[in-house]
Amino acid sequence: EFRRVLFRSSDLNGNIVDCNEAALRLMGYSSKEEIVGKNRLELIAEKDRESALKSLKIAFEQGTTKNVEYTFLKKNGEEYQGELSASIPRDSVGNPVCFVGVIRDTSERKKAEEALRGSEEKWRSLAENAPNIIIIVDRFGTIQFINRTVVDARPEEIVGKSIYDFI
């Protein structure tokens, strides 16, 4: 589940002036009063703050920044992974008026990606070290994977060829 969270800081110093209910829930706050007035950098883990300041500079120069990954902090100090997209609306003269940010909690996606990487590594290790030849062929007969070959060729030279070339 990806939760989108909106917060806005209008003083250009980074002080939060408003947020939605999803932001409160995600960050562990029970009311807007608890978060309004905090600097947005307080919501980013110390290790990512320098990067956040660089991205903020880019946002001010270009007007927007998209899907920048950070480690964010909840009220209780617990960390979570998220992506921040931000924009800097401007007035009729072109002066920045505020900072509008949307955070997407990517913690579950990161966990799933890590589990998938682990599973892929285990499968690849098993397949590459198996005593038998393992071949994966698509419905058109194209070899997608082979752990070792019988002929005098490396697996990289066989993958992509038709199984029928070897019959």
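**View 1. Thr71, a buried residue in strand E3.** Thr71 is buried, as its relative accessible area is just 4%. This is a predicted model, and here Thr71 belongs to strand E3. Its side chain makes a polar contact with the side chain of Gln81, at 3.1 Å. Gln81 also turns up in the contact list of Thr71, next to Ile44, Ala45, Lys47, Asp48, Glu79 and Tyr80, once residues up to four places away in sequence are set aside.

**View 2. Phe72 and Tyr80, ring on ring.** Step one residue along from the previous view and you get to Phe72. A pair of aromatic rings is described by the distance of the centres and the angle of the planes. For Phe72 and Tyr80 the centres are 5.6 Å apart and the planes sit at 25°, so this pair counts as stacked. Both residues are buried. Add Tyr70 and you have one aromatic cluster, made up of Tyr70, Phe72 and Tyr80. Across the structure there are 3 aromatic pairs. Phe72 has plenty of company besides Tyr80: leaving out neighbours within four places in sequence, its contacts include Leu43, Ile44, Ala45, Gly82, Leu84 and Ile103. Three glutamates, Glu78, Glu79 and Glu83, are in contact with Phe72 too.

**View 3. The largest nonpolar core.** This core has 22 residues, and the members touching the most others are Met27, Ile35, Tyr70 and Phe72. Two or more residues each come from helix H1 (21-27), H3, strand E3 (64-73), strand E4 (79-87) and strand E5 (99-105). H1 is the top contributor, with 4 residues.

**View 4. Ala52 and Ser55, two buried residues of helix H3.** Helix H3 covers residues 46-62, and Ala52 is part of it; Ser55 lies in H3 as well. Ala52 is buried, with 7% relative accessible area, and Ser55 is buried too, at 12%. Tyr70 from the aromatic cluster shows up again here. Not counting residues up to four places away in sequence, Ala52 touches Tyr70 along with Leu41 and Ile44, while Ser55 touches Tyr70 together with Thr65 and Val68. For a sense of scale, take Ala52 and Glu21: they are 31 residues apart in sequence, and their C-alpha atoms are 24 Å apart in space.

**View 5. Cys19 and Cys98, with no bond between them.** If you were about to set up a disulfide patch, the count here is 0 disulfides. Cys19 is in none, and its nearest cysteine sulfur, the one in Cys98, is 14 Å away. Seen from the other end, the closest cysteine sulfur to that of Cys98 is the one in Cys19, and 14 Å is too far for a bond, because a disulfide needs the two sulfurs within 2.5 Å. Both cysteines are tucked away from the surface probe all the same: Cys19 counts as buried at 5% relative accessibility, and Cys98 counts as buried at 7%.

**View 6. Arg40 over the ring of Phe99.** Last up is a charge and a ring. Arg40 lies over the face of Phe99, at 4.0 Å from the ring centre.

Key:
Residues are numbered from 1 along each chain as its sequence is written. This is a predicted model: local features need pLDDT of at least 70, side-chain atom pairs count only at pLDDT 80 or more; totals for chains, interfaces and linings use all residues. Side-chain values use heavy atoms; hydrogens and water are left out. Buried means under 20% relative accessible area, exposed over 50%, partly exposed in between (1.4 Å probe, protein chains only). Contact means heavy atoms within 4.5 Å. Rings of Phe, Tyr and Trp (its six-membered ring) pair if their centres lie within 6.5 Å; planes under 30 degrees apart count as stacked, over 60 as edge-to-face and the rest as tilted. A charge sits over a ring if NZ of Lys or CZ of Arg is within 6 Å of the ring centre and within 35 degrees of the ring normal. A nonpolar core is a set of buried Ala, Val, Leu, Ile, Met, Phe, Trp, Tyr and Cys residues joined through side-chain atoms within 4.5 Å. A polar contact is a pair of N or O atoms within 3.5 Å; within protein, one must be able to donate a hydrogen and the other to accept it, and residues adjacent in sequence count only if both atoms are side-chain atoms.
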